[in-house]
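Me: I would like to learn how to read a structure feature by feature, with the general idea given before each case. Could we take strand pairing, then cavities and pockets, then the backbone, and finally the charged pairs?

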Amino acid sequence: MKVINTAIEGICIIEPQVFEDPRGWFMETYSKEKLAKQGIDADFIQDNHSFSANRGTIRGLHFQINPKAQAKLVRCTRGRILDVAVDIRKGSPTYKKWVSVELSEENKRQLFISKGFAHGFVTLTDNVEIQYKVDEYYSPENDRSIRFDDPEINIDWGIENPILSEKDMNAPLLKDSDSNFVY
């Protein structure tokens, strides 16, 4: 597995080694030992699977506050997404900065997102499936979101008029959220 650091510490692109032959391909999508050797030492305890039917769907920006914050390892197994992570750690030199990476069934890339980041994605095709690991169980009382179009963050999603859930449509701006992450 190749780990590629991004412009923001705590966000890494992971490129698995893919073995192809006339039958198809094989890849190892997760190895705790191999990732730990490269500085990613999350203890993943839950796998999630998401389906979005339509191109232009935005899910996010989501996170869980402390003490139930989650690190995530995200991959797209069907279709294509633009995956986004936003630094929401007060005092961080990259506070309110974001990284976006295209994840697809073709490129097989994954995105590791540390605790202290909001996460979201936009579907670039119809019929998208993503799968992701988290290192903390889902906690409804700690579940939070911020607006995908927060002007202080200014993410370039590459679309107009996205398809949104009611939760995401009504999410607060970061300045109005109770995010409790400190760098």
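Reply: Let us begin with pairing, where two strands count as paired if DSSP finds at least two bridges between them, and where helices (H or I, at least four residues) and strands (E, at least two) are DSSP runs numbered from the N terminus. Here β7 and β10 run antiparallel and are joined by 4 bridges, and within this pair Val-74 has Leu-111 of β10 as its bridge partner. This is a predicted model, in which local features need pLDDT of at least 70 and side-chain atom pairs count only at pLDDT 80 or more, whereas totals for chains, interfaces and linings use all residues. Residues are numbered from 1 along each chain as its sequence is written, and side-chain values use heavy atoms, with hydrogens and water left out.

Me: Which strand pairs with β10 over 4 bridges in the antiparallel sense, with Cys-12 facing a bridge partner in β10?

Reply: Strand β2 (residues 11-15) does so, and the partner of Cys-12 in β10 is Phe-112.

Me: Are the faces of strand β10 covered or open?

Reply: To read this one needs the burial classes, in which buried means under 20% relative accessible area, exposed means over 50% and partly exposed lies in between (1.4 Å probe, protein chains only). Both faces of β10 (residues 110-113) are covered, since Gln-110 and Phe-112 on one side and Leu-111 and Ile-113 on the other are all buried.

Me: How should I read the enclosed and open spaces, and what lines the largest cavity?

Reply: On a 1 Å grid over the protein atoms alone, a cavity is a set of points where a 1.4 Å probe fits but cannot get out, while a pocket is an open set with protein on both sides within 12 Å along at least five of seven lines, and lining residues have an atom within 4 Å of a point. Grid points are joined across faces, edges and corners, and a volume is the space filled by probe spheres set on the points. By this rule there is 1 cavity of 30 Å³ or more, and the largest cavity has a volume of about 40 Å³. Its lining residues include His-62, Phe-63, Lys-72, Lys-115 and Phe-181, and strand β6 (residues 58-64) gives the most to this lining, with 3 residues.

Me: Which residues lie nearest the centre of the largest pocket?

Reply: The largest pocket holds about 400 Å³ of space and is lined by 25 residues, of which Arg-59, His-62, Lys-72, Tyr-132 and Lys-167 lie nearest its centre. The largest share of that lining, 6 residues, comes from β6.

Me: What should I look for in the backbone?

Reply: Most residues other than glycine have a negative phi, and most peptide bonds are trans. In this model a cis peptide bond joins Gly-60 and Leu-61, with omega about 10°, and Leu-61 has its place in strand β6. Another cis peptide bond joins Asn-66 and Pro-67, with omega about 15°, and Pro-67 is found in the loop between β6 and β7 (72-78). As for phi, Asn-127 has a positive value of about 55° although it is not a glycine, and this residue lies in the loop between β11 and β12. Lys-96 also has a positive phi, near 70°, and is placed in the loop between β8 (80-87) and β9 (98-104).

Me: How many salt bridges are there, and what is the partner of Lys-96?

Reply: Side chains of opposite charge can pair when their charged atoms come close. A salt bridge is a side-chain nitrogen of Lys or Arg within 4 Å of a carboxyl oxygen of Asp or Glu, and by this rule the count comes to 14. Lys-96 forms one with Glu-152, the closest N and O atoms being 2.5 Å apart. Glu-152 lies in the loop between β13 (143-145) and α2 and Lys-96 in the loop between β8 and β9, so the pair ties together parts that are 56 residues apart in sequence. Glu-152 is partly exposed, with a relative accessible area of 40%, and Lys-96 is partly exposed at 24%.

Me: Is Arg-23, the salt-bridge partner of Asp-21, buried or exposed?

Reply: The closest N and O atoms of Asp-21 and Arg-23 are 2.4 Å apart, and Arg-23 counts as exposed at 77% relative accessibility, whereas Asp-21 counts as partly exposed at 33%.
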